[in-house]
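Notebook open, structure loaded. I'll jot down what I look up as I go, starting with one helix and the sheet beside it.

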Amino acid sequence: MTGEDLARVRVAPGAEPLWEVLLSAHLLGKSEGALVFDRWRGRMRPALVPRMRPLLALAPPWGYSPDFLTPPISLPDIDAAVENVLSTPRQRLREDIDQLAVGQAPAAWAGAVRRGEPAALRQLGNAVTAYHRRAVDPYRDQIDSSVRAERDRLARAFLTGGVEQVLNALRPFALWEAPVLTLPSHPAERDIHLAGRGLTLLPSFFCWRAPTTLKNAEGPHVLVYPIQHDLAWLAPRKTDSASSLAALIGRTRATVLMTLAQSPATTSELARLVRISLPSASEHTTVLRDAGLIVSHRYSTRVHHHITALGTQLCTE
């Protein structure tokens, strides 16, 4: 990492659906993380349907998975993210499928994906969407809250000691000894020279044990790494303030308010964190502001929304 790379270290604004899809698919074929994921595996394996097979064929439990399944452009909406995958240039499709074929025989239909045939790509898109609906989206609240807690931890590290303290906070998954960030448990042995491209840190709920990266990254490099988990994340929960609040003002608006209870955010940040459109986020903040549950302050060209005492009380009762 150069000084320019250090200046371009960023933390992703939230969990990215395509990475959670890919890494959870990896976990389905493994037995690792039994205390954290076995209950989830027990729910998911019987729920797998034939139309998910194209995804699972491209995401084996070990080894390489095509980079085009997790493109560098961050899109929190799963439908838009899938469309981004389907628009992958044919040359990239060929390179990634050829890399997947090294040392193994990919499924026959993968040749059609390699050639960029629309029917095969649409089949893959349907597989990703169906899998996300069953394996990831039902647990979005747990995923988002866990990733948000990790972002808050890194924010505190930055306030304490800047970017280098953030990199030190990635232990034991990454070891910072300037100017090199070493990933001791990464399965591949290679050197990556960022050369001024910067680094985006992406905390991931379904990443386990070892961090992962794209093999052939374009633009800022992405480092996906594991986070801490609540072992009871799938335990049955009693009705709490969050569900009561959702019943009162609606699930999405309640999620917006609970998100602001964690930390202030701009409208665009809310849209990304809650995974709604920018106009929808603007509408929800307007209603919450009119109700006295949040206030909005302009800083330079950005408007930040803050929860009020009344909003906090509503979230905790």
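**Entry 1: the mixed sheet**

I started with helix α2 (residues 17-28), which lies across β4 (199-204), β5 and β6 and runs at about 55° to β4. Some ground rules before I go on. This is a predicted model, in which local features need pLDDT of at least 70 and side-chain atom pairs count only at pLDDT 80 or more, while totals for chains, interfaces and linings use all residues. Residues are numbered from 1 along each chain as its sequence is written, and side-chain values use heavy atoms, with hydrogens and water left out.

I also noted how the elements are named: helices (H or I, at least four residues) and strands (E, at least two) are DSSP runs, numbered from the N terminus. The angles run from 0 to 180 degrees between N-to-C directions, and the axes are lines fitted to C-alpha atoms, for helices over the stretch in contact. Contact means heavy atoms within 4.5 Å.

A second helix, α9 (residues 140-168), lies across β1, β4 and β6, and it runs at about 145° to β4.

In what order do the strands of this open sheet come? I read β1-β4-β6-β5, 4 strands with mixed pairing. Two strands pair if DSSP finds at least two bridges between them. β1 (9-11) and β5 (212-213) are the edge strands with a single partner strand each, so one side of each has no neighbour in the sheet.

I zoomed in on β5. It runs antiparallel to β6 (residues 221-226), and 2 bridges join them. On β6, Val224 stands opposite Thr212.

**Entry 2: the antiparallel sheet**

Next I looked up another open sheet. Its 3 strands come in the order β7-β9-β8, and the pairing is antiparallel. Why is one side of β7 and of β8 left without a neighbour in the sheet? Both stand at the edges with a single partner strand each, so that side stays free of a neighbour.

Helix α11 (residues 251-262) packs on this sheet and touches β7, β8 and β9; its direction makes about 95° with that of β9. Helix α13 (residues 278-290) lies across β8 and β9 and runs at about 115° to β8.

Then I went through the pairs. β7 (residues 265-266) and β9 (residues 302-307) are antiparallel over 2 bridges. I found Ala265 opposite His305 and Thr266 opposite His304. β8 (residues 294-299) is joined to β9 by 6 bridges, also antiparallel. Here Ser296 has His305 as its bridge partner, and His297 has His304. So His305 turns up facing Ala265 of β7 as well as Ser296.

β8 and β9 form a hairpin with 2 residues between the strands, where Ser300 takes a positive phi near 60°.

**Entry 3: α11 against α12**

Two packed helices are described by the angle between their axes and the distance between the axes. For α11 and α12 (residues 267-274) I wrote down an angle of about 115° and axes 10 Å apart. Is the crossing left-handed or right-handed? It is right-handed; the rule is that the near helix is turned clockwise from the far one by less than a right angle, and anticlockwise would make it left-handed.

α11 brings Thr252, Thr255, Val256, Thr259 and Leu260 to the contact, and α12 brings Leu270, Leu273 and Val274. I get 5 nonpolar, 3 polar and no charged residues there. (Ala, Val, Leu, Ile, Met, Phe, Trp, Tyr, Cys and Pro count as nonpolar, Asp, Glu, Lys and Arg as charged, and the others, Gly among them, as polar.)

**Entry 4: one serine, then the whole thing**

Ser263 sits in the loop between α11 and β7. It counts as partly exposed because its relative accessibility is 29%. (Buried means under 20% relative accessible area, exposed over 50%, partly exposed in between, with a 1.4 Å probe and protein chains only.)

Zooming out, I see 14 helices and 9 strands in the protein. Of its 317 residues, 45% count as buried. The C-alpha trace spans about 60 × 45 × 40 Å along its principal axes.
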